[in-house]
Amino acid sequence: MRTIVDLYMNNFRRMWSRKGILLLVLAFSLLALSLAVYFTAKFEVRGHLAWIGNGSSEVVKPQGFQVTELKEAPRKSALVRGQYDAIVFDEGNGQYRIETLKNEEFRQLVLQAIQHPEQVRPDPSKRGVGTNVAGFLLMFLMLEGLLFMNLFTEDKENGTFKRVIVSSVGIGRYMAAQALFTFSFVYVPTYATIAVIKLAFGVDIGFSLAAYAGLLAVPVALGTAFAWFLLACIEKLDNAMPLASTIILLTSLLSGSFGSRTAEYGFMYWITGLLPQKRFLELVSGLERNEGIFAYAGQLGYVLALTLILLLAGLAVVRRRVREGCY
């Protein structure tokens, strides 16, 4: 254990001298959270209402709708142009008259949102802020894993890795220290950023900080394992980074990390179903709908199993290359 701590602290000192990378990680986290909150607020709006009050009551602002208070009713052409989705006339005593060019279902939705907001169900086609935060963070977390795991590649290139593994440290302890270092340096700054945004600014992030403490560990572990495996297979960092970045970006897009719709049937449906990012997002989305975690035990187990497979495969590759004298 002492050896692992020493290796960890050595990596810590090396990374501390490269504060630009730490600032980049914080910037990644801030960007992902900002985008998630922005797009959630932008796309959760169900309509724009023109409110014509009677002067005796306050304007009601139903959740999910933008409300503009007007003194006079706009022309019908405002509905035709899409400037407003509905015109609400407050007739007093809790009575409202709604004019809209949309169907009766939308009119009833507006009326229910005004009179009984607690009965309005969230739109199942729209993702919550928690799922958006997880989706936007996914790609950045995996990229950050590569940034910190590249110390392993540096050690291979300058001969440090060979000197360490022939000592009493061995391959297992060295790789364990690298994985622990990468995991903690991705996890801690990201979680700290989420906590500051939640506590200092009161931003809705979808889940409690306790829930994020557990949820965040899953993609960080996956990113660490992916970086471990890829950098074990590819010796040169200049070759590994472009390939890894392309894989991460492509799989993130296909899995719907940024809110894009994924295939619902056919060949692409089965392909995207194999992506761990999609399985993780299914888990997060279910939890945000207050469904039990046991209902998504398969998704969680799939991601964790793939993480373990990547770690073991990476370790096996390194051991084989050591036996072959590659280092």
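Helices and strands, as the words are used in these legends, are runs assigned by DSSP and numbered from the N terminus, where a helix has at least four residues and a strand at least two.

**Figure 1. Overview of the predicted model and two of its annotated spans.** The model shown here is predicted, and its secondary structure comes to 13 helices and four strands. Of the 327 residues in the protein, 44% are buried. Among contacts between residues at least 6 apart in sequence, 65% join residues at least 24 apart. An unreviewed UniProt entry carries the annotation "transmembrane region" for residues 133-153, 174-197, 209-231, 243-260 and 293-318. In the model, residues 133-153 are 100% helix and 0% strand, with the C-alpha atoms at the two ends of the span 31 Å apart. Residues 174-197 are likewise 100% helix and 0% strand, and here the end C-alpha atoms are 35 Å apart.

**Figure 2. The cavity and the residues that line it.** The structure holds one cavity of 30 Å³ or more, and the volume of the largest cavity is about 70 Å³. Its lining is made up of Ala134, Leu137, Leu138, Leu141, Tyr212, Leu215, Leu216, Pro219, Phe280 and Val284. Two or more of these lining residues come from each of the elements α5 (129-158), α8 (209-215) and α12 (276-288), and α5 provides the largest share, with four residues. Sorted by class, the lining has ten nonpolar residues, no polar residues and no charged residues.

**Figure 3. Tyrosine 212, one of the residues in the cavity lining.** Tyrosine 212 belongs to helix α8, and it counts as buried because its relative accessibility is 4%, where the cut-off for a buried residue is under 20%. Although tyrosine 212 and alanine 134 are 78 residues apart along the chain, their C-alpha atoms are separated by 9.4 Å. When neighbours within four places in sequence are left aside, tyrosine 212 is in contact with Gly130, Val133, Tyr191, Ile194, Ile205 and Phe207.

**Figure 4. The largest nonpolar core, with phenylalanine 280 as one of its members.** This core has 73 residues, and those that touch the most other members are Met15, Leu137, Phe148, Phe152, Tyr174, Met175 and Phe280. Helix α5 gives the most to the core, with 17 residues. Another core, of twelve residues, lies apart from this one and includes Ala86, Val110, Leu111 and Ile114. Phenylalanine 280, which also lines the largest cavity, touches Ala134, Leu138, Leu215, Val218, Pro219 and Val303, if residues up to four places away in sequence are not counted.

**Figure 5. Valine 88 and its contacts in strand β3.** Strand β3 covers residues 86-92, and valine 88 is found within it. With a relative accessibility of 0%, valine 88 counts as buried. The C-alpha atoms of valine 88 and glycine 53 are separated by 8.3 Å, while the two residues are 35 places apart along the chain. Beyond residues up to four places away in sequence, valine 88 touches Leu49, Ala50, Trp51, Ile52, Tyr96, Arg97, Ile98, Val110 and Ile114.

**Figure 6. Two acidic side chains, aspartate 155 in α5 and glutamate 282 in α12.** Aspartate 155 has a relative accessible area of 3% and is therefore buried. Not counting residues up to four places away in sequence, aspartate 155 touches Arg14, Thr160, Phe161, Tyr174 and Gln178. Glutamate 282, by contrast, counts as partly exposed because its relative accessibility is 29%, a value that falls between the cut-offs of 20% and 50%. From glutamate 282 to leucine 300 the distance is 9.3 Å, C-alpha to C-alpha, and these residues are 18 apart in sequence. With residues up to four places away in sequence again set aside, glutamate 282 touches Tyr296 and Gln299.

**Figure 7. Asparagine 290 in the loop between α12 and α13.** Helix α13 covers residues 297-323, and asparagine 290 has its place in the loop between α12 and this helix. Most residues other than glycine have a negative phi. The phi of asparagine 290, however, is near 65°, which is a positive value in a residue other than glycine. Asparagine 290 counts as exposed because its relative accessible area is 74%, and the cut-off for an exposed residue is over 50%.

Definitions and conventions
Residues numbered from 1 in each chain as written. Predicted model: local features only at pLDDT ≥ 70, side-chain atom pairs only at ≥ 80, totals over all residues. Heavy atoms only, no water. UniProt positions renumbered as here; feature names shortened; annotations may be inferred. 1 Å grid on protein atoms, 1.4 Å probe; cavity = no way out; pocket = protein on both sides within 12 Å on 5 of 7 lines; lining within 4 Å. Points joined across faces, edges and corners; volume = space filled by probe spheres on them. Nonpolar A, V, L, I, M, F, W, Y, C, P; charged D, E, K, R; others polar. Core = buried A, V, L, I, M, F, W, Y, C linked by side-chain atoms within 4.5 Å. Buried < 20%, exposed > 50% of the residue type's maximum accessible area, 1.4 Å probe, protein only. Contact = heavy atoms within 4.5 Å.
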